[in-house]
Amino acid sequence: MRWRPSPKPAALPRCSTPYAEVVTAPYDAWMRAALAEATAAGRRDDVPVGAVVVDGSGAIIGRGHNLRESTGDPTAHAEIVALRDAASTGGQWRLDGCSLVVTLEPCTMCAGALVLARVARLVYGTHDPKAGAVGSLWDVVRDRRLNHRPEVVSGVLATECADLLNDFFRARRAADPRP
């Protein structure tokens, strides 16, 4: 499957903020930090997904990239690693007022974790049509039954995020050409 930086899934609820309409937040700079984390994951032969947690003042307080292959931990997704780092930095599990910036739309586990951590805003790069839980397959973060719903900004540097994934999987297929 090829990652495509599609504009957004067909039926996102209105509470989502399309990236094109956002002009004041430094999302590009934050996403570039997440892309640097994703590149680090790729160098470790892990799927290149990276994340950063940014506090209300704009400072990065948590960083993470996929570590599933290198640690053998199925929960070592970039978002979980970054949330743990931010919680450790801040000394508490509540990340009120923080933004989670990630290169790929979160899965159900990661979407649930950011809701439980009370993250104020989720910013992500490219959609994940196979496992995305922020509008692609499910919409965990906007479920009105939950007690917390973060703002969502999607499509930030989507092409760069998708290209990183495409290049990684293209190289893997070339190294292991199975019929």
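A residue is taken as partly exposed when its relative accessible area falls between the limits for buried, under 20%, and exposed, over 50%; E151, with a relative accessible area of 27%, is therefore partly exposed. In this predicted model, the side chain of E151 meets that of R121 in a salt bridge, with an N to O distance of 3.1 Å. Because E151 belongs to strand β6 (residues 151-154) and R121 to strand β5 (residues 121-126), the pair ties together parts that are 30 residues apart in sequence. The partner R121 also counts as partly exposed, at 23% relative accessibility.

The salt bridge between E151 and R121 is one of five found in a search of the whole structure. Another is formed by R63 with E37, for which the closest N and O atoms are 4.0 Å apart. This pair links distant parts of the chain, given that R63 is located in strand β3 (residues 60-65) and E37 in helix α1 (residues 27-43), with their positions 26 residues apart in the numbering. The two partners fall into separate accessibility classes: R63, with a relative accessible area of 40%, is partly exposed, whereas E37, with a relative accessible area of 14%, is buried because this value lies under 20%.

A further salt bridge joins the side chains of R145 and D143, with an N to O distance of 2.5 Å. Here R145 has a relative accessible area of 74%, which is over 50%, and the residue is therefore classed as exposed.

Definitions and conventions: Residues are numbered from 1 along each chain as its sequence is written. This is a predicted model: local features need pLDDT of at least 70, side-chain atom pairs count only at pLDDT 80 or more; totals for chains, interfaces and linings use all residues. Side-chain values use heavy atoms; hydrogens and water are left out. Helices (H or I, at least four residues) and strands (E, at least two) are DSSP runs, numbered from the N terminus. Buried means under 20% relative accessible area, exposed over 50%, partly exposed in between (1.4 Å probe, protein chains only).
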